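Colleague: I have a structure open here and would like to go through its surface and its cavities. Can you take me through them?

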Amino acid sequence: MPGRTVKLTAPDRTAAVQSYVLETGKGLGITLGHFFKNWPSRVPWIGVGVVALLAAAGGVALAFGMKSFSGRMTSGFTGLLVMFGGVPAGLGLLALGAGAYRKFRATPAETYLRLVPYPDVPADYYPPRYRGEHRLMHREDGSVRCVSCMMCSTVCPADCINIVAGNAADPPSDSEKVPGVDAEKFPVRFEIDELRCVVCGLCVEACPCDAIRMDSSVHVTAYANRQDFVFDRNRLMERGDQSQAVQGGHGPGWRTLS
Amino acid sequence: MPEMQQIFAGIAWNDGGWIELAATLIRAVIIVLPVILLMAVYTWMERRQASFMQDRIGPTRANIAIAGKNITLFGLLHLMADGLKFVFKEDIVPSKANKLLFFLAPILALAPVVIVFVVIPVGGFFAYSHWDQVLTADQVKAYAMTGDAFRLQASQLEIGVLVIFAFSGLGVFGASLAGYGSHNKWALIGGLRAAAQMVSYEVTLGLTVVGALLLYGTLEPMAIANWQGHNIARWGIVVQPIGAILFLAAAIAESKRIPFDIPEGESEIIGYNLEYSGMRWGIFFMGEYMELVFVGAMFATIFLGGFHVPLLHADGFRLGSHHLAMPHIAVVLVQMLAFWGKVVLLGFLQIAIRWTLPRMRYDQLMRLGWIGMLPVSLANVMVTAILLLVFTSYNWNMGNYWIASLLVTLLVYLLVVAPQQTKTDEDNVAHDEAHSHGSH
């Protein structure tokens, strides 16, 4: 591209920049700006003010106690009162003022904090592609869609999927047998160790049957026992749903074809 | 140390020794207890402050449920949780580690940092028998001479600053031995980096103080604080601005914190303490946070007037002809509070710096240390010496030294830094255009 001008965002390497001092100051300005905008909103100003006023009262009592204890304090008692009572009282009144100002001002005080009290209150929104707990999808007859092809357990980088394959039961009669279809496998055991899972989502990508999914929008729960983190087939299917995906190229009713 | 001989001789012969020993213990409590408390509070402050700087609210998990309400105490309970965790965590020692060095390293990292507080004055002299009187500075000095005053400094040594450097220099053994004894390549790299970095910045650290020490004419920390006194124009940060900035930078490098944390280098080598777990690891970090306190205390003593408060004389606040007389005990308490307040403020600043800057690369670090800060600190020593010579030979008032020092700083800025700033983006853009033409 002839004549293209690239805008440089890196600062010039002048001595001022290389000495770090001015640039550090600029950086501190930004970060401390955030600090002083966020911090006051989390300080219980009224409580701080009350504590400071109590401390001031204690300080005044201490000053009088000192005076009576010494019995010979001729000068300097004013200074003692100012230091022990006046300074904490002044700070306390300032804190009370700040608290009242923050409480009664027309517009709420500005802060950069956007808080979601997340583990205490469940998140109200998960993005559509959020990878939550695994689930196994159903066929229209309620059986599991998984055909034990081992793709997911092979691709799993954490090696957390354990599948034991079994043969599907024979159909009731020969006439109902669909050649090439009923000779399929199903998982006798399908276990996922959620403690080992790294939540990469590769198993979902690998599955050719839309059997395993991570779109349950359920955050992995914390259990007391390690065994509880190993989800078996039935538990995975509880969250499951009937898949609308086309399996075998015949559409949802492919099993009843004759 | 005649004082130590005195103490132990006193224990053997008479009751006076016991009093002296008790006084030493009280001093140790007054000085070391706040240090340990501050260390614990700093671990909380680091998280809390960092979170506010990054639009978060920090630790909220550790709590005590009282009547159905979760009390978190602003995250302070995390201190307890941390302590419990460290103590009860499994202590793993690598089977091929050098057991002796592995055992010694955390102690060597922590102990020197505690020892240096011996010479730091947290206050002046407390004339306890006249605690309720308004005393002038001369009276306090007289009581101190007759032994009728309690020194708020564990040990008054004429070589105080040298003691500090000697012991803080030992800190390098903790890091490098931890790396050497762990039998782990990453830890070894971390230990070597720590050794190289701390030795390099030790030089600058020492030289930056030399300028200030030339002015103060003493190595004894309390004398240094008293030289600066209640007059803010005599404080180290005003009479030695370049020295103060360089000292803070070098001290942060000594404490191995970001932007100088290449010995730890979490994202690349994890660091010299890689193989440590449980309380041994905790001791390394106790050492790190104590170093935070130590840097604050050093900086406060040498550059921020120590325990002195602006306008606060020995007999109370004085401004012009106004005088707010204060009893001796109030003055001493305010001064002690002021000292620890300065230390906390400097801790705030250090934490802010840590959470603002990225980590330096190794070559940047060495370049900054050896061809950046070292020559500037040497120049600072020379300029200070010349100015001091002029001031003393013409008998000028040292109270006006700040004007000269600010002029020198301005001159350095105008001659060295400002010309570089006239360079604009255009050179760089032209340079870049030339490159993009050549590339197709």
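**Surface patch and cavities**

Modeller: This is a predicted model. On its surface, Trp402(B), Ile403(B), Leu406(B), Leu407(B), Leu410(B) and Leu414(B) make up a nonpolar patch, and their accessible area together is about 550 Å².

Colleague: Which helix is Leu414(B) found in?

Modeller: Leu414(B) belongs to helix H14 of chain B, residues 401-421.

Colleague: Now the inside. How many cavities of 30 Å³ or more does a search of the whole structure find?

Modeller: Seven. The largest has a volume of about 130 Å³.

Colleague: Which residues lie nearest the centre of that largest cavity?

Modeller: Ser168(B), Glu254(B), Glu291(B), Phe294(B) and Val295(B), out of 15 lining residues. Two or more lining residues come from each of these chain B helices: H4 (99-115), H6 (160-181), H7 (185-216), H10 (241-254) and H11 (278-303). H11(B) gives the most, with four.

Colleague: What is the lining of the largest cavity like by class?

Modeller: There are 10 nonpolar, three polar and two charged residues in it.

Colleague: And the second largest cavity, how much space lies in it?

Modeller: About 110 Å³. Its lining has 13 residues, with Ala109(B), Lys256(B), Tyr272(B), Glu288(B) and Glu291(B) nearest the centre. H4, H6 and H11 of chain B each give two or more residues to this lining.

Colleague: Which element gives the most there?

Modeller: H11(B), with four residues. By class, the second largest cavity is lined by six nonpolar, four polar and three charged residues.

Note on methods
Residues numbered from 1 in each chain as written. Chains lettered and ligands numbered in written order. Predicted model: local features only at pLDDT ≥ 70, side-chain atom pairs only at ≥ 80, totals over all residues. Heavy atoms only, no water. Patch = residues over 30% accessible without salt bridge, like charges linked within 9 Å, V, L, I, M, F, W, Y side chains within 5 Å. Areas by Shrake-Rupley, 256 points an atom, 1.4 Å probe, with all protein chains shown as cover. Salt bridge = Lys/Arg side-chain N within 4 Å of Asp/Glu carboxyl O. 1 Å grid on protein atoms, 1.4 Å probe; cavity = no way out; pocket = protein on both sides within 12 Å on 5 of 7 lines; lining within 4 Å. Points joined across faces, edges and corners; volume = space filled by probe spheres on them. Nonpolar A, V, L, I, M, F, W, Y, C, P; charged D, E, K, R; others polar.
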